Amino acid sequence: MDLKGKVGLRIRQLRKEQELSQEALGYKAEVDRTYVTDVENGRRNVSVEILERLIKALDTSVAEFFNSKEFKK
């Protein structure tokens with residue numbers, strides 16, 4: 001799996017753990033719901049700025065975000 005896919009899986013995992021809809025996450029991160037969908041499905045090259053906004057909206061840190069099994073392979 002490529003990096004876009006791993007980032008998308010991690011965002012989906014954290015979003016679901018927090019019981020957020022894609023729309024709610026998009027609202028918190030100030031991005032469109034369709035953008036969140038594309039990121040989660042690995043169809044977007046997400047910028048560092050947008051990734052930071054999504055991570056903050058998920059109430060986690062960059063270190064915690066990347067400290068998961070998806071990124072250890």
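**Group meeting: a five-helix chain, from its loops to its core**

Let me begin with one residue, Asp59, which is exposed because its relative accessible area is 60%, over the 50% cut-off. Please keep in mind throughout that what we are looking at is a predicted model. Asp59 sits in the loop between H4 and H5, and although it is not a glycine, its phi is positive, at about 55°. As background, most residues other than glycine have a negative phi.

Where else does a residue that is not a glycine have a positive phi? Glu30 is such a case, with a phi of about 60°, and its place is in the loop between H2 and H3. Glu30 counts as exposed because its relative accessibility is 66%, and the cut-off for that term is over 50%. A positive phi also turns up after H3, where Gly42 follows the helix with a value near 70°, although that residue is a glycine.

Now let me return to the loop between H4 and helix H5, the latter spanning residues 62-66, because Thr60 is located there as well. Is Thr60 buried or exposed? With a relative accessible area of 15%, Thr60 falls under the 20% cut-off and is therefore buried. If we set aside residues up to four places away in sequence, Thr60 touches Leu14, Ile55 and Phe65, and its side chain also makes a polar contact of 3.3 Å with the side chain of Glu64.

That brings me to the chain as a whole. The protein chain has five helices and zero strands, so that, read along the sequence, the pattern is α-α-α-α-α. For 73 residues, a compact globule would have a radius of gyration near 11 Å, and the value for this chain is 11 Å, which agrees. Taken along the principal axes, the C-alpha atoms fill a box of roughly 30 × 25 × 20 Å. Of the 73 residues, 44% count as buried, and among the contacts between residues at least 6 apart in sequence, 59% join residues at least 24 apart.

As for the surface, the accessible area of the protein chain comes to about 4,700 Å², and 48% of that belongs to carbon and sulfur atoms. The chain carries 15 positive and 13 negative charges, and the mean positions of these two sets are 6 Å apart.

The helix I would like to dwell on is H3, residues 33-40, which is mostly covered, since six of its eight residues are buried. Which residues of H3 are buried? They are Tyr35, Val36, Thr37, Asp38, Val39 and Glu40, and the buried residues of this helix pack against three others, namely helix H1 (3-17), helix H2 (22-29) and helix H4 (48-57).

One residue of H2 lets us look at that packing in detail, and this is Gln22, which lies in helix H2. Leaving out residues up to four places away in sequence, Gln22 touches Arg15, Arg33, Val36, Thr37 and Glu40. Its side chain is also joined to the side chain of Glu40 by a polar contact of 2.7 Å, and Glu40 is one of the buried residues of H3.

To close, I would set two residues of the loop between H4 and H5 side by side: Asp59 is exposed, whereas Thr60 is buried.

Technical notes
Residues numbered from 1 in each chain as written. Predicted model: local features only at pLDDT ≥ 70, side-chain atom pairs only at ≥ 80, totals over all residues. Heavy atoms only, no water. Helix = DSSP H or I, 4+ residues; strand = E, 2+ residues; numbered from the N terminus. Rg over C-alpha atoms; globule rule 2.2 N^0.38 Å. Buried < 20%, exposed > 50% of the residue type's maximum accessible area, 1.4 Å probe, protein only. Contact = heavy atoms within 4.5 Å. Areas by Shrake-Rupley, 256 points an atom, 1.4 Å probe, with all protein chains shown as cover. Lys, Arg positive; Asp, Glu negative; His and termini not counted. Charge placed at Lys NZ, Arg CZ, Asp CG, Glu CD. Polar contact = N/O pair within 3.5 Å; in protein donor to acceptor, adjacent residues only side chain to side chain.
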